Amino acid sequence: MPRPADSPPIYDAPSERAGPWWRVHRVEDTLLSLVLAAMVLLPVLEIALRSTLSVGVANAAALVQHGVLLVGMLGAAVAAREGRLLSIAGLGRWLPERFRWVHRAAAGGLAMAVTGVLASAAWDFVAVEREGGNLLAYGVPVWWVEAVMPAGFALIALRLWIRSGERLADRALSLAVAAGLLGMAPLSTATPVVALLALAVLLGAPVFVVLGGVALWLFAGDDLPLAAIPLNHYQLTVNPSLPAIPLFTLAGYFLAEGGAPARLIRVFRALFGRFRGGAALVTVLLTAFFTSFTGASGVTILALGGLLMPLLQGVRYPARAGIGLITSGCSLGVLIPPALPLILYAIIARQPIETMLLAAVVPAAVMTTMLVLLGIWRQPRDTAPTAFDAAEALAALKAARWELAIPLVTFGGLASGLVTPTETAALTALYAFIVEVLIYRDLSLTRDVPRVMAECGLLVGGIILILGMALGFTNYLIDAQIADQVSEWVQASIASPWVFLLALNGLLLLVGAFMDIYSAIIVVTPLIVPIGLAFGVHPVHLGVIFLANMELGFLTPPVGMNLFFASYRFGKPIGEVARAVLPALAVLAVGVLLITYIPAFSMWLPGVLLR
Amino acid sequence: LRLGTLAPKNSLYHRALLEMGEAWRVAQGDGSKLIVFTDGAQGGESDTVKRMRIGQLNGGLLSVVGLREIDPSVSALQTLPLMFRSWDEVDHVREQLRPAMEQRFFDKGYVVLSWGDAGWVRFFSQQPAAAPEDFKSMKMFTWAGEPEQLEVMKALGYQPVSLETADILPALQTGLIEVVPATPYYALAAQFNGPAPYMLELNWAPIVGALVVTRKAWERMSPAGQAALREAARVAGEKMRAQARTEVDEAVAAMVKRGLKVTRPNAEQMAAWQALAESVYPQIRGRLVPAETFDEVTRLLAEYRARNQ
Ligand code: NA
Ligand code: NA
C-alpha cells in the first residue's frame, strides 16, 4: 500500500478528543466499527443457524456484501478526515516549507474537483437504481445502501477541502482551483486532464483521485454515462468474495495490536535460536506470516520492525542486512494464504478462491526458502549459538498456543467443506478477537477494540476506494475493447510460450515498479488472463507468477511501498533502504523465474487436494 | 448498439447475436456500429440490467434471472418446478402471456425483440439419487444472487447452500455442496460431471431467456433499422430455441462418454416429485411469481392439456 499522505501511518488513535468536532468523529468511528462487527457476526450466525436448524438469515450473504460498501465509504471518509488517504509520491515533501501551501492548495483543488464529479455521478446512479426498485432484504431497498456513495464522496470532497490548507486564504485558493477545473470545458478530450492528474500525483494527491479522474475522463470522452464509474465501484464492493478482505485484515489487526508478535517471536527464538541464522529465519517467517493476514506489508514493518531489529542486533547481524531482511520479508506475505492480493486476483480472474490459495502454498515456500537462505548466509559466523532450552521452548509454545492454532481455524475451515471463504474469514476474525481480547486480555474491550477496528476500517476503506476506481478504469479497457486488441496483438507478435512468459515477467516488473499492487491486480489481470490462456498458461499459475512479480515491486523504486515504510520506521533515507534490499531483490528474482517456468509448483497441490 | 450477455464468445448464442446485429447495421446504415460483450465481460445478469438502466449498454440477451429485475412476471416461465412437461407447453404458455409481458417491459422502458431458451435444469449429484427423499440428506447449491430460490429449497425440505457460480466446482470437490441443479449444457462446460457423476433425468424447470433493448435505443433507430432488427431477432430467437431442444441430449451424451451415470425416476418416484413441487406452489405464488400470472399459467396449462389428450 502506498505511503499515507500526511500524518504518521498507524497507531495514532483516530479521533482524539480534540477539535470542535470530536464527538461527531467518535460517532463516525463507532459506526464504522459496528458495521465491521456485523460483518463478522452475520456469517457466524448464518453458520450456526444453518448447521443446527437448516435455516439461515434472510439474504445474509447480500447483507455482508453491502457491509463492504458501507465499510469502504465510511472508512474512506475517516481516512480523508485524518489526512490518510493513500498517496504515492510526495514531491511536495522536497519543496521548501514556504511553498508548501501552493502545492497543497493545487493538489487539494484537483482532488476536490474529481471527487465532486464522482459524487454527482454516484447520485445519478442512485437515482436510476431507485427507479429500478430492487430490495436487499427485509423490505429494505438496495438504493438506501447505495446512497452511501454520493454522500461518502461529498464528505470526502469536503474533507479534502478542509485539509487543502491551514489558512482560510489557502482554502479559498483550492476552492478556486476546483471551480476553475470544473468550469473548464466539460471533461472533454481537449482538457489536458492526464497531464493535470500526473501533476497532482506528483504533488501528493490521493491515488483514488488519479484513477477515478482518468476513468471519468475516458468515459466522458466516449460519451458514456459517468454513472458507470460508481456502478463499477458498487459492483466490486458487493462481489461475494470481497468480504474476505476486510475480515482477514481485521484478524491481522487484532493479532498485530495484541501481544501476538512478542509471543510468536519467543516461540520461534526458543525453537530456532540455537541454529546459526536462527534470528534471520525468525525474521523472515514472522514478517511473512503477519503480512499474509494484514495484507498490508507496511503495517507489518511498523508493527514488527521494532521487535525484530533488536533480535537481529543481539546476534550481531549487520544493521543494513537486517533492514533489508525485514523489508523484503514483509513482501513475501503477498503469496502466503490467506493474503488479500491472492483473494483479489481470484475474484478478478474468476478463479475459485480455494484453488488460488492452495496454488500459492508451494511457490510461497520457494520464495521464503530463498530469502531464509540469504538471511542465514549473511549471519556472521563467529557468534556462539545459544543452547536449546527444552523448558523454555515448551513454555513459549504453551504461552502462544492459541495464536499458533490460527492456521487450523483458517485452513481447517476452507478444507472442511463446512464453510465458504467469506465465512472462514469471519471465523478467523472472531477467533483472533477472542484470543487477544478475552483469553490474553492484551486488548481492552472498551479502550483498544474500538480503536483497532476503526483503524482497520480506515485502512480497508482507503484500499477499497482505490479498487473501485481501478475497476472503473478497467471497465473502460473492456468497453472500448482495448483488452481484446492487446490480446490479439500479443498473440500475433509472440509465438513461443517461453518468450511470452519472459516478456510477462519484464512487463510485470515494470508494472510493479510504478503501480500499487491492488490497482495493478484490477487493471492488469483482465488483460493478461486471456493472453495467458492462448499460450497455455493456466489462470491460476498466471496469478502466482503475477503476485510473485509484485513481491519484487514492493521493493523497487519509485513506488516500492516497503521502502517508504522501512525508511519511516528505521529512520534511514529511501536510497539507503533501497540499497539494503538489493541482495534480497536478486535472490527473489531467481525465485520468480523458478515459479514462472515450473508450473508444477503452482498446480500440483490444488491438483492433489481438489481431485 | 451495445449488447451484453453471459453466453461465451463464439457460442451459438454469440454467433446468433452477431448475425442479427449485422442485419440491423446494414439496414440502419450511416455509422451505426454493433458491439457484443460476451462471457459476462460487463458483469452478471443483474449488472447487465444496471448498465442498461444507466445507458452504458443498449440491450442484452438475458435469462429470467436478469429479466425479472425489469419485470417479475417473467418468473412464471422459469421459477416453477415441474410446472411444464415439455417445450410445447412452455411455448404455448409463453405465446399466450407474451403480449401482456412485452407490454409491461415496454412500460418499464424495454423492447423485447425475441425469446430464447437454454435447456432444462436437472440435478447432478455425488451419490446416486432418484426419489425426493434421497436428496434431503444432501447439501444443494443455490445461487447467491437469488435469495428467493433459497427459500423455495428450504420449503422443499432441502439443505441449500448459497454460493457464487465460480465456487460451485471447488465446493463440489471439498463437499461443501453435494448436488447442483444445472442445465446439462452448462454442467458439461463447467465440468460438474467429474465430482458429481450422477444425473437425475427429471426436467425440473426450463431456462428461459429473451433479447431486449432499451426503449431509448429503440426510438433512436430508423424505421428500416427497427424492422430489420425485429426480423433478424426473430430468426435468432428461433435458432436459439431449436438449439435448446437438442443441446440437452447432446450434452448428456457427451457426459455419458466421460462417465456420467443417468438415473431415471420410476413412476412412483415421479409422482413423489410432482407432489413435492406442487406443495411449494402456494409459497411461490404471490412471492416469486405474481399471483395473477401464476393463476394464468396454471389455467393455460390445464386448457392445453385438456385439449391435447
Ligand atoms: Na465466495
Ligand atoms: Na514498486
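**Entry 1: the contact of chains B and A**

I looked up the interface first and found that chain B and chain A bury about 3,000 Å² between them, with 53% of that area on carbon and sulfur atoms. I note that the model is a predicted one.

I then asked which three residues of chain B supply more of its area buried against chain A than any other three. They are K50(B), R53(B) and I54(B), and they supply 20% of the area that chain B buries there.

For the residues taking part, I recorded 31 from chain B and 37 from chain A.

I next searched for charged pairs and found three salt bridges across the interface of chain B and chain A. One I examined by name: the side chains of K50(B) and E129(A) form a salt bridge, at 3.4 Å from N to O.

The search for polar contacts across this interface returned 10 residue pairs, both residues at pLDDT 80 or more. I listed the elements that give two or more residues to the side of chain B that touches chain A: β2 (35-37), α2 (45-54), α6 (147-155), β6 (159-163) and α7 (168-174) of chain B. The largest share, five residues, comes from α2(B). By class, I entered 11 nonpolar, nine polar and 11 charged residues for this side of chain B.

**Entry 2: the two domains of chain A**

I took the domain bounds of chain A from the assignment, which gives domain 1 (4-237) and domain 2 (243-444 + 460-611).

I found 42 residues of domain 1 in contact with 43 residues of domain 2. The area buried between these domains of chain A is about 3,500 Å², and carbon and sulfur atoms give 83% of it.

How many salt bridges are there between domain 1 and domain 2 of chain A? I counted zero. The polar contacts across this domain interface come to two residue pairs, both residues at pLDDT 80 or more.

On the domain 1 side, I noted that α1 (22-53), α2 (60-81), α5 (148-162), α8 (207-221) and α9 (228-237) of chain A each supply at least two residues. The largest share of that side, nine residues, comes from α1(A). I classed the residues of the same side as 32 nonpolar, seven polar and three charged.

**Entry 3: S487(A)**

I located S487(A) in helix α22 (residues 482-493) of chain A. Is S487(A) buried or exposed? I entered S487(A) as buried, because its relative accessible area is 10%, and buried means under 20%.

I also found a polar contact of 2.9 Å that joins the side chains of S487(A) and Q491(A). Finally, I compared S487(A) with L477(A): they are 10 residues apart in sequence and 12 Å apart in space, C-alpha to C-alpha.

Key
Residues numbered from 1 in each chain as written. Chains lettered and ligands numbered in written order. Predicted model: local features only at pLDDT ≥ 70, side-chain atom pairs only at ≥ 80, totals over all residues. Heavy atoms only, no water. Contact = heavy atoms within 4.5 Å. Buried area = accessible area lost by both parts, 1.4 Å probe. Salt bridge = Lys/Arg side-chain N within 4 Å of Asp/Glu carboxyl O. Polar contact = N/O pair within 3.5 Å; in protein donor to acceptor, adjacent residues only side chain to side chain. Helix = DSSP H or I, 4+ residues; strand = E, 2+ residues; numbered from the N terminus. Nonpolar A, V, L, I, M, F, W, Y, C, P; charged D, E, K, R; others polar. Buried < 20%, exposed > 50% of the residue type's maximum accessible area, 1.4 Å probe, protein only. Domains from an automatic or database assignment.
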